[in-house]
Amino acid sequence: HIYTRAPAAGSDPAPAVTLSGFSAPQGIFVSSRSGEVWVANTSASEVRRYPEFSRLLLNPDQVLSRLSVPLPLALALDDNDNPVFAEGINRVSFYYAALTFQNAASYSTTRLAPGQLAYLDRLGLGLDVPTASAEAY
């Protein structure tokens with residue numbers, strides 16, 4: 001359940017949103033950058049990413065992405081909103097978007113020379129979160 005005014009709601013508050021389809025979720029994290037809600041669904045070995053709260057009110061069943069994670073116990077996001085998971089198999093996993101480059105008609109088939117301009121692109125299916133940035137020097 002997600003509450004909008006839990007401290008002032010009394011002894012039996014009505015939730016603003018109920019997220020369904022979970023069995024034994026162990027962790028929840030809200031991104032301070034995007035407002036997206038991440039939930040660790042431990043018994044299903046997955047982590048779900050939901051839209052920010054104001055969009056979640058309109059469609060509570062909208063899952064933006066599901067990641068297969070072995071027994072996720074806790075989760076967090078780093079400063080760039082890359083997910084970090086503590087797993088029940090005694091492991092911590094860091095997820096980053098893979099990047100490739102494009103220079104004119106060349107799509108990461110040649111090496112870049114110093115001072116050469118190129119576009120950075122996400123490689124494959126991403127998490128649809130702002131996970132990488134680049135600056136030209």
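## Salt bridges and sheets in a predicted model

Arg91 forms a salt bridge with Glu87, the closest N and O atoms being 2.6 Å apart; a salt bridge here is a side-chain nitrogen of Lys or Arg within 4 Å of a carboxyl oxygen of Asp or Glu. This is a predicted model, in which local features need pLDDT of at least 70 and side-chain atom pairs count only at pLDDT 80 or more, while totals for chains, interfaces and linings use all residues. Residues are numbered from 1 along each chain as its sequence is written, and side-chain values use heavy atoms, with hydrogens and water left out.

Glu87 counts as buried at 4% relative accessibility, whereas Arg91 is partly exposed, with a relative accessible area of 41%; buried means under 20% relative accessible area, exposed over 50%, and partly exposed in between (1.4 Å probe, protein chains only). Glu87 also stands opposite Arg91 of strand E7. Strand E6 (residues 83-87) is joined to E7 by four bridges, and the two run antiparallel. Strands are DSSP runs (E, at least two residues), numbered from the N terminus, and two strands pair if DSSP finds at least two bridges between them.

The sheet around this pair is open and made of three strands in the order E5-E6-E7, with antiparallel pairing. Strand E5 (72-77) and strand E7 (91-94) stand at its edges with a single partner strand each, so one side of each is left without a neighbour in the sheet. From one strand to the next, the twist averages 20°, where axes are lines fitted to C-alpha atoms and angles run from 0 to 180 degrees between N-to-C directions.

A further open sheet holds four strands in the order E1-E2-E3-E4, again with antiparallel pairing. Its edge strands are strand E1 (25-30) and strand E4 (65-68), each of which pairs on one side only. Neighbouring strands of this sheet are turned by 15° against each other on average, direction ignored. Five bridges join E1 to E2, and Gly27 has Ala40 in E2 as its bridge partner. The hairpin of E1 and E2 has six residues between the strands, and in this hairpin Gly35 takes a positive phi near 80°. Strand E2 (residues 37-41) is in turn joined to strand E3 (residues 46-50) by five bridges, with Arg49 in E3 as the bridge partner of Trp38.

The structure holds four salt bridges, including the three listed here.

| Pair | Closest N to O distance |
|---|---|
| Glu46 and Arg48 | 2.6 Å |
| Glu46 and Arg66 | 3.5 Å |
| Glu87 and Arg91 | 2.6 Å |

The pair of Glu46 in strand E3 and Arg66 in strand E4 links distant parts of the chain, 20 residues apart. Glu46, Arg48 and Arg66 are linked in a network of salt bridges. Within this network Glu46 counts as buried at 11% relative accessibility, and Arg48 is buried as well.

Asn41, which lies in strand E2, is buried with a relative accessible area of 1%. Its contacts (heavy atoms within 4.5 Å) include Glu46 and Arg48 of the network, and also Gly21, Phe22, Ser23, Ala24, Pro25 and Pro72, not counting residues up to four places away in sequence. The side chain of Asn41 also reaches the backbone nitrogen of Ser23 at 3.2 Å.

Notes
Polar contact = N/O pair within 3.5 Å; in protein donor to acceptor, adjacent residues only side chain to side chain.
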